[in-house]
Amino acid sequence: MEPDEVLSEEELSAIERRVGAATPGPWVGWMESRHSIGGTSFIQLRADAEEDDEFYLTRATGGHEVVGADAQTDADIEFIAGARQDVPRLVKEIRRLRAVLEGAHPAD
């Protein structure tokens with residue numbers, strides 16, 4: 001898909017399916033570079049889980065694993081964690097705006 005291409009209904013529905021299949025949110029990013037939590041940043045998937053439910057990511061750059069606090073890795077983890085909350089809201093807003101546009105320009 002080209003960046004300026006209109007998002008099709010099929011693509012939007014596929015995004016919704018992926019959202020529905022993912023672990024429910026909210027997801028929270030815990031960043032080693034900000035919290036000194038033991039050496040590895042992670043995404044907490046369920047804050048109320050009786051057991052730890054965490055997602056750890058590994059970054060390799062130039063064939064070498066990035067170890068310890070890394071601002072870029074933390075920014076990427078924060079983006080991924082935020083996407084769990086952001087994507088459903090964006091899909092809902094797209095649907096709302098499309099309904100508004102359709103109401104303003106009913107199909108012939």
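**Exercise 1: the crossing of two helices**

Determine the handedness of the crossing of helix 1 and helix 3 in this predicted model, and describe which residues form the contact.

*Solution.* Begin with the handedness, which is left-handed for the crossing of helix 1 and helix 3. Next, turn to the geometry: the axes of helix 1, which covers residues 9–21, and of helix 3 come within 10 Å and cross at roughly 145 degrees. Then list the residues on each side, remembering that contact means heavy atoms within 4.5 Å. Helix 1 contributes Glu9, Leu12, Ser13, Ile15, Glu16 and Val19, and these meet Arg84, Val87, Pro88, Val91, Ile94, Arg95 and Arg98 in helix 3. Finally, sort the residues of this contact by character, which gives 7 nonpolar, 1 polar and 5 charged.

**Exercise 2: the surroundings of Gln44**

Locate Gln44 and find which residues Gln44 touches, leaving out those up to four places away in sequence.

*Solution.* First place the residue: Gln44 belongs to strand 2, which runs over residues 42–44. With the sequence neighbours left out, Gln44 touches Pro26, Trp27, Val28, Trp30, Asp53 and Glu54. For Trp30 a further detail can be given, since the side chains of Gln44 and Trp30 make a polar contact at 2.9 Å. Among the touched residues is also Pro26, which sits in the loop between helix 1 and strand 1 (28–30). The peptide bond leading from Gly25 to Pro26 is cis, and its omega is near 0 degrees.

**Exercise 3: a pair separated in sequence**

State where Ala69 lies, and compare its separation from Met31 in sequence with the distance in space.

*Solution.* Start with the position of Ala69, which is in the loop between strand 5 (64–65) and helix 3. Along the chain, Ala69 and Met31 are 38 residues apart, whereas their C-alpha atoms are 7.9 Å apart in space. To complete the picture, set aside the neighbours within four places in sequence, and Ala69 is then in contact with Glu32 and Ser33.

**Exercise 4: the largest pocket**

Give the volume of the largest pocket and describe its lining.

*Solution.* The volume comes first, and the largest pocket holds about 200 Å³ of space. Its lining consists of 16 residues, and those nearest the centre of the pocket are Gly39, Thr40, Leu57, Val66 and Gly68. When the lining is divided by character, 6 residues are nonpolar, 6 are polar and 4 are charged. As a last step, ask which element gives the most to this lining: the answer is helix 3, residues 71–104, with 3 residues.

Note on methods:
Residues numbered from 1 in each chain as written. Predicted model: local features only at pLDDT ≥ 70, side-chain atom pairs only at ≥ 80, totals over all residues. Heavy atoms only, no water. 1 Å grid on protein atoms, 1.4 Å probe; cavity = no way out; pocket = protein on both sides within 12 Å on 5 of 7 lines; lining within 4 Å. Points joined across faces, edges and corners; volume = space filled by probe spheres on them. Helix = DSSP H or I, 4+ residues; strand = E, 2+ residues; numbered from the N terminus. Nonpolar A, V, L, I, M, F, W, Y, C, P; charged D, E, K, R; others polar. Axes fitted to C-alpha atoms, helices over the stretch in contact; angles between N-to-C directions. Left-handed = near helix turned anticlockwise from the far one by under 90°. Polar contact = N/O pair within 3.5 Å; in protein donor to acceptor, adjacent residues only side chain to side chain.
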